[in-house]
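Here is a short round of questions and answers to read alongside the model. Take a look at it first, and then let's talk it through.

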Amino acid sequence: SGSQSIIKRKWNETCKYLTVTGGSYSPWLVTADLKFWNKLPEDIQKAVSEAAAEISLATLKRAGAEDAKAMAEAEKTMEVYRLTEPWAEAKQASLEAWKKRIGAKEADKILKLINK
């Protein structure tokens, strides 16, 4: 679970240890029925896509700030361990398998969005 979940569920009050893996990401998707989407005028599709991208970036920025605040709170009462090698190698291997499965072009678009 993320650092916000740890604080909201008060695990920091009952757990002594926390291991941070950085191996999880929970996107909130904007979806639409393809038939409906294809019936929309191109300018509306563009406006919705641009708004979704803008909100995604703002949400990621806000979540990052809230995560940092929650982690600081957790660190007051918990011993925090951050995994490094060989975890980073395993994480990279998983990322490469994911890229291969969905396609490098699409993966790069997603990674560009979440890394901003």
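## Burial, shape and an aromatic pair

Of the 116 residues in the protein, 11% are buried. The model is a predicted one.

Q: Which pattern does the protein follow when read along the sequence?
A: Happily, there are few elements to keep track of. The protein has five helices and two strands. Read along the sequence, they give α-β-α-α-β-α-α.

Q: Why is the protein described as more spread out than a compact globule?
A: The C-alpha atoms fill a box of roughly 55 × 30 × 20 Å along the principal axes. For 116 residues the globule rule gives 13 Å, and the protein is well over that, so it is more spread out than a compact globule, with a radius of gyration of 18 Å.

Q: Is the pair of Y17 and Y81 stacked or tilted?
A: The structure holds one aromatic pair. Its ring centres, those of Y17 and Y81, are 6.3 Å apart. Planes under 30 degrees apart would count as stacked. The planes here stand at 35°, so the pair is tilted.

Q: How many residues apart in sequence are the parts that this pair ties together?
A: Y17 belongs to strand β1 (residues 17-20), while Y81 belongs to strand β2 (residues 79-82). The pair therefore ties together parts whose separation in sequence is 64 residues.

Q: What does Y81 count as, given its relative accessible area of 43%?
A: Buried would need a value under 20%, and exposed one over 50%. Y17, at 48% relative accessibility, counts as partly exposed. With 43%, Y81 is also partly exposed.

Technical notes:
Residues numbered from 1 in each chain as written. Predicted model: local features only at pLDDT ≥ 70, side-chain atom pairs only at ≥ 80, totals over all residues. Heavy atoms only, no water. Helix = DSSP H or I, 4+ residues; strand = E, 2+ residues; numbered from the N terminus. Rg over C-alpha atoms; globule rule 2.2 N^0.38 Å. Buried < 20%, exposed > 50% of the residue type's maximum accessible area, 1.4 Å probe, protein only. Phe/Tyr/Trp six-rings, centres within 6.5 Å; stacked < 30°, edge-to-face > 60°.
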